[in-house]
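Work through these exercises with the sequence and the 3D view open. Try each task before reading its solution.

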Number of protein chains: 2
Amino acid sequence: MAEPMYWQIAQALRQEIDSGELRPGAKLPTELELRERYNASRNTIRDAVKWLASRALIETRPGQGTFVVERLAPFITILSADAETGLGGGEGNAALSEIIAIGLTPAADPPDVGIKRADRVLAEQLSVDEGAQLVSRYQPRYIDGIPWSMQTSFYPMNLVTKGADRLLEAADIPEGVIAYLKEQLGLVQVGYRDWILVRLPTEAEAMFFRLPDDGRVSVVVICRTGYSDGPDGPVPFRVTMSIFPADRNQFVITSAHHPPEADG
Amino acid sequence: MAEPMYWQIAQALRQEIDSGELRPGAKLPTELELRERYNASRNTIRDAVKWLASRALIETRPGQGTFVVERLAPFITILSADAETGLGGGEGNAALSEIIAIGLTPAADPPDVGIKRADRVLAEQLSVDEGAQLVSRYQPRYIDGIPWSMQTSFYPMNLVTKGADRLLEAADIPEGVIAYLKEQLGLVQVGYRDWILVRLPTEAEAMFFRLPDDGRVSVVVICRTGYSDGPDGPVPFRVTMSIFPADRNQFVITSAHHPPEADG
DNA sequence: GCAAATTTGTTCGTATGTATT
DNA sequence: CAATACATACGAACAAATTTG
């Protein structure tokens, strides 16, 4: 027995889960019962349980027991532009993306509006000086009441001084900011760049999404920079950072012609 | 003291890491030293260390000690088509994506070629019957000798019977399969759909990428379906699944006109 | 190359605290 | 309030990996 005992116990339990003997939502035997079944100490059983819990196969609930996790049906978000319907995958309300909503009702809290100085990354993305004033608009988003994404958009302050006053109002812009800026300033988004990365959630993100306290669920960060046409080429005018829990979100991007029946 | 001791110790150590007192690569005090410093038992110290290790802030090396992790500079992969240079972001050799390579040398092992029956997902993606014969071509990819991605492409068998014999050869197709299929069969990729998700690595993936044994590093799965023009609209002819470790890979997608200086 | 010292990994036992039913 | 179940914390011993002498 080259492998440690807790590992072997974990594999045995995993096999029960994989085989369907223990179905999602099912309660595992208590630590004391497992202690007897595998003839190991309670600490060893706990090590086995932790091995499975850190891989998101089971979860422990103090006072209740240990349960096989129930996989959430993933939300699928369309990131791409449909060439026919326009740029930016449904930037109507959701600035970044549109969900495949079949009987699901997306919602958003009114935005928190603030003024922020550009850090190095934002300054580079928006082609402004580091420390330049930006308008930030933060919105938590929900699907069927479940926290879905945290979205923050940043705009150079000169858009406000040029007349886009509503950027500073802490109220939703129902037609979408892209449409508002077009109407108000004639600013047209001619393209965008998405930058995707995966990292561990901050404490605030873990709290909002109700992620487990350990670091087993990452978040996907999608940072979209929108461009308008300028005299010397494209000029960035908005950066949107959207945060999604990685365990229940997937993304689809289409390029050029694609078939309408597009899901997995 | 509402918070447990191991948590407080973990926070104290995290603060030392965040403040730069403990720099990346630095060795933490040994468990015995921490035991004295915090006046706790070794098991409690170990719980604190585990808390930090599960969040990828530190790593333990048996026989050596505990060290602050050194962040790898992320590889950035371009997923999008540049409208001018053609479809599919440099599908020359790499089927899916091109890396921003500044002095980096990408490489790939010769492909493993196999025949596989389509499972439900592949059958749907490729619009073939479940169980239909597919050619699979698997290639591990490296950057500067470091495992970078695992890439598997699936093609309907009828491409072979129509004349694309080299799909069955266990040899690289240097000009790229897209170019080969165009030359050989006149098959043109007119678009594609990328499907992105994050999940825990399989055992084989963890081994190939040398990921830590615990489940703290996820992988990003990018599933690209390529389409050609058919009499009744686009027809899928290839599915490529690429696996990347989430801790050292980022992705960029551009849409429409975008500025040339595009990185973060 | 080997033996000793160092350091983390595994396993046991025990006691007490906290959350839920 | 009592019972149940997981969480925290202590102590101890031995094993395995690595470095050092």
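**Exercise 1. A serine in a strand**

A:Ser228 sits in strand β10 of chain A. The model is a predicted one. Task: decide whether A:Ser228 is buried or exposed, and list which residues it is in contact with beyond its neighbours within four places in sequence.

Solution.
- Step 1. Take the accessibility. A:Ser228 has a relative accessible area of 5%. Buried means under 20%, so A:Ser228 counts as buried.
- Step 2. List the contacts, leaving out neighbours within four places in sequence. A:Ser228 touches A:Leu187, A:Val188 and A:Val190, among others. The list also includes A:Gly233, A:Pro234, A:Val235 and A:Phe237.

**Exercise 2. Salt bridges in chain A**

Task: find which residue's side chain forms a salt bridge with that of A:Arg224, and state where in the chain the two residues lie.

Solution.
- Step 1. Find the partner. The side chain of A:Arg224 meets that of A:Asp194 in a salt bridge, 2.7 Å from N to O.
- Step 2. Place both residues. A:Arg224 is in strand β10 (residues 219-230) and A:Asp194 in strand β9 (residues 189-199), both of chain A. The two are 30 residues apart, so the pair links distant parts of the chain.- Step 3. Check burial. A:Arg224 is buried at a relative accessible area of 2%. A:Asp194 is buried too, at 1%.
- Step 4. Look for a network. A:Glu31, A:Arg42 and A:Arg46 are connected by salt bridges.

**Exercise 3. Salt bridges in chain B**

Task: describe the salt bridge between B:Arg224 and B:Asp194, then ask how buried or exposed the partners B:Arg248 and B:Asp247 are.

Solution.
- Step 1. Take the distance. The side chains of B:Arg224 and B:Asp194 form a salt bridge of 2.7 Å, N to O.
- Step 2. Place the pair. B:Arg224 belongs to strand β10 (residues 219-230) of chain B and B:Asp194 to strand β9 (residues 189-199) of chain B, so the salt bridge ties together parts that are 30 residues apart in sequence.
- Step 3. Check burial. B:Arg224 is buried at 2% relative accessibility, and B:Asp194 is buried at 1%.
- Step 4. Turn to the second pair. B:Arg248 and B:Asp247 form a salt bridge, with their closest N and O atoms 3.4 Å apart. B:Arg248 is buried, at 9%. B:Asp247, at 31%, is partly exposed.
- Step 5. Count over all chains. The whole structure holds 18 salt bridges.

**Exercise 4. An arginine in β11**

Task: locate A:Arg238 and name the residue whose side chain it joins in a polar contact.

Solution.
- Step 1. A:Arg238 is in strand β11 (residues 233-245) of chain A.
- Step 2. Its relative accessible area is 3%, so A:Arg238 is buried.
- Step 3. The side chains of A:Arg238 and A:Tyr155 make a polar contact of 3.2 Å.

**Exercise 5. The buried side of a helix**

Task: find which residues of helix α6 (residues 177-185) of chain A are buried, and say what covers them.

Solution.
- Step 1. The buried residues are A:Val177, A:Ile178, A:Tyr180 and A:Leu181.
- Step 2. These residues span an arc of only 160 degrees around the axis, so they lie on the same side of α6(A).
- Step 3. Recall the helix geometry. With 3.6 residues a turn, residues three or four places apart in an α-helix point the same way.
- Step 4. Find the cover. It includes β8 (146-156), α5 (158-161), β9 and β11 of chain A.
- Step 5. Look just past the helix. A:Gly186 has a positive phi of about 70 degrees there.

**Exercise 6. The surface near the DNA**

Task: state which residues come nearest to DNA strand C, and which part of the strand supplies most of the atoms within 4 Å of the protein.

Solution.
- Step 1. There are 23 residues around DNA strand C, and A:Met5, A:Tyr6, A:Thr44, B:Arg42 and B:Thr60 come nearest.
- Step 2. Sugar and phosphate make up 65% of the strand's atoms that come within 4 Å of the protein.
- Step 3. Check the phosphate oxygens. One is 2.2 Å from a side-chain N or O atom of A:Thr44. A polar side-chain atom of B:Thr60 is 2.9 Å from a phosphate oxygen. For B:Glu31, a polar backbone atom is 3.0 Å from a phosphate oxygen.
- Step 4. Assign elements. Those giving two or more residues are α1 (5-18) and α3 (42-54) of chain A, with α3 (42-54), β1 (58-61) and β2 (65-68) of chain B. The largest share, 3 residues, comes from α3(A).
- Step 5. Sort by type. The surface has 6 nonpolar, 11 polar and 6 charged residues.

Notes: Residues numbered from 1 in each chain as written. Chains lettered and ligands numbered in written order. Predicted model: local features only at pLDDT ≥ 70, side-chain atom pairs only at ≥ 80, totals over all residues. Heavy atoms only, no water. Near = heavy atom within 4 Å. Polar contact = N/O pair within 3.5 Å; in protein donor to acceptor, adjacent residues only side chain to side chain. Helix = DSSP H or I, 4+ residues; strand = E, 2+ residues; numbered from the N terminus. Nonpolar A, V, L, I, M, F, W, Y, C, P; charged D, E, K, R; others polar. Buried < 20%, exposed > 50% of the residue type's maximum accessible area, 1.4 Å probe, protein only. Salt bridge = Lys/Arg side-chain N within 4 Å of Asp/Glu carboxyl O. Arc of directions from axis to C-beta. Contact = heavy atoms within 4.5 Å.
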